[in-house]
Amino acid sequence: MSANIQRLDKVLSNSGYGTRKEVKKIIKQGSVMVNNSVVLDVGTKVDPETDIIEVAGRILDYKANIYIMLNKPSGVLSTTYDKTETTVIDLLYGEYSHRDLFPVGRLDIDTEGLVLLTDDGQLAHRLLSPKNMVPKLYYVEVNGRLDEQDVSAFNAGICLGDFTTLSSELEILQAGDKSTALVKIYEGKFHQIKRMMQARNKEVVYLKRLSIGPLELDEDLDLGQWRELTCE
Ligand code: URA
């Protein structure tokens, strides 16, 4: 593991102990110990991965990055801030306001399901980079009868005017005047599944993301609920 040397006041602030000004006060009061010694210098350099930092007798549980799985409801924007609409960050009710969390990729406002929130830019880049072709699985309900021709068209790639989609997988669950299916796509263009269905003369009436790569939506999370991801 490479060293991760940072200022003590920054580490405490990033760990939710308050603003830089507030944590400086805590340090100067003598409430912070590093490796069993009280530290009064706010600029002391520490490695939060290996040094034992105690604040008022409690050992700091340092997290270099935060990863949150959210079950996004319809009506919520996949952005960090909006003047009028509720955003995915608003659903955390300030819990991680000391971290710069953002959603990895976007779901439409009326799409439900898995959103990953993190402050890990490198992971976000890896998941979003088109060259990595990370699969995203959706459950979809459409008006119209899905059939084998639709399956073949999704597989072949669908021309959407400005681009042709990569080969994707359509698994029909139920076919009728209304149909349900699972769709796996390997890219994430604007309104992609709605536009693919539209190209097949079907209208999406419900869309939910179930997984991103190996990360599956936890079925125990109700709409609007979230949980921090475990190491696994
Ligand atoms: N495809 C869509 O059309 N909308 C989404 O939100 C996600 C994928």
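Which residue forms a salt bridge with D108? Let's begin there. It's K194, and the closest N and O atoms of the two are 2.8 Å apart. What I like about this pair is where the partners sit. K194 belongs to helix α5, residues 192-199, while D108 is in the loop between β8 (102-103) and β9, so the contact ties together parts that are 86 residues apart in sequence. As for cover, D108 counts as buried because its relative accessibility is 16%, and the cut-off for buried is under 20%. K194 comes out at 22%, so we call K194 partly exposed.

Before I go on, a reminder that we're looking at a predicted model.

Okay, more salt bridges. The structure holds 13 of them, and I'll just pick a few. R227 pairs with D218, again with the closest N and O atoms 2.8 Å apart. D218 has a relative accessible area of 19%, so D218 is buried, and R227, at 30%, is partly exposed. Then there's K63 with D61, where the side chains meet at 3.9 Å, N to O. The cut-off for a salt bridge is 4 Å, so keep that in mind when you look at the K63 and D61 pair at 3.9 Å. D61 is exposed, with a relative accessible area of 59%, whereas K63 is partly exposed at 31%. And there's also a network: R7, D9, R20 and K24 are linked to one another by salt bridges.

Now the strands. Have a look at β7, residues 67-72. How many of its 6 residues are buried? The count is 5, so this strand is mostly covered. β7 has two partners I want to show you. One is β9, residues 112-118, joined to β7 by 6 bridges and running antiparallel to it. The other is β15, which pairs with β7 over 3 bridges, also in the antiparallel sense. If you want a single residue to find your way by, take I68. I68 stands opposite L117 in β9, and the bridge partner of I68 in β15 is E228. So you can click on I68 and read off a neighbour in β9 and another in β15.

There's also an open sheet to point out. Which strands make it up, and in what order? There are 4 of them, antiparallel, and the order is β3-β2-β5-β6. The edges are β3 (37-38) and β6 (58-59), each of which pairs on one side only. Further in, β2, residues 32-34, and β5, residues 53-55, run antiparallel and are joined by 3 bridges. One residue pair to look for there is V32 with its bridge partner V55 in β5.

Last stop, the surface. Which residues form the negative surface patch I have on screen? They are E216, E219, D220 and D222. Let me zoom in on E219. This residue is in the loop between β14 (215-216) and β15 (226-228). Is E219 buried or exposed? Exposed, because its relative accessibility is 77% and the cut-off is over 50%. And notice that β15, at the end of that loop, is the strand we just met pairing with β7.

That's my tour, so over to you for questions.

Methods:
Residues are numbered from 1 along each chain as its sequence is written. This is a predicted model: local features need pLDDT of at least 70, side-chain atom pairs count only at pLDDT 80 or more; totals for chains, interfaces and linings use all residues. Side-chain values use heavy atoms; hydrogens and water are left out. Patches are made of residues with over 30% relative accessible area and no salt bridge: like charges are joined within 9 Å, nonpolar side chains (Val, Leu, Ile, Met, Phe, Trp, Tyr) within 5 Å. Accessible areas come from the Shrake-Rupley method with a 1.4 Å probe; for residues, only the protein chains shown count as cover. Lys and Arg count as positive and Asp and Glu as negative; His and the chain ends are not counted. The place of a charge is taken as NZ of Lys, CZ of Arg, CG of Asp or CD of Glu. Helices (H or I, at least four residues) and strands (E, at least two) are DSSP runs, numbered from the N terminus. Buried means under 20% relative accessible area, exposed over 50%, partly exposed in between (1.4 Å probe, protein chains only). Two strands pair if DSSP finds at least two bridges between them.
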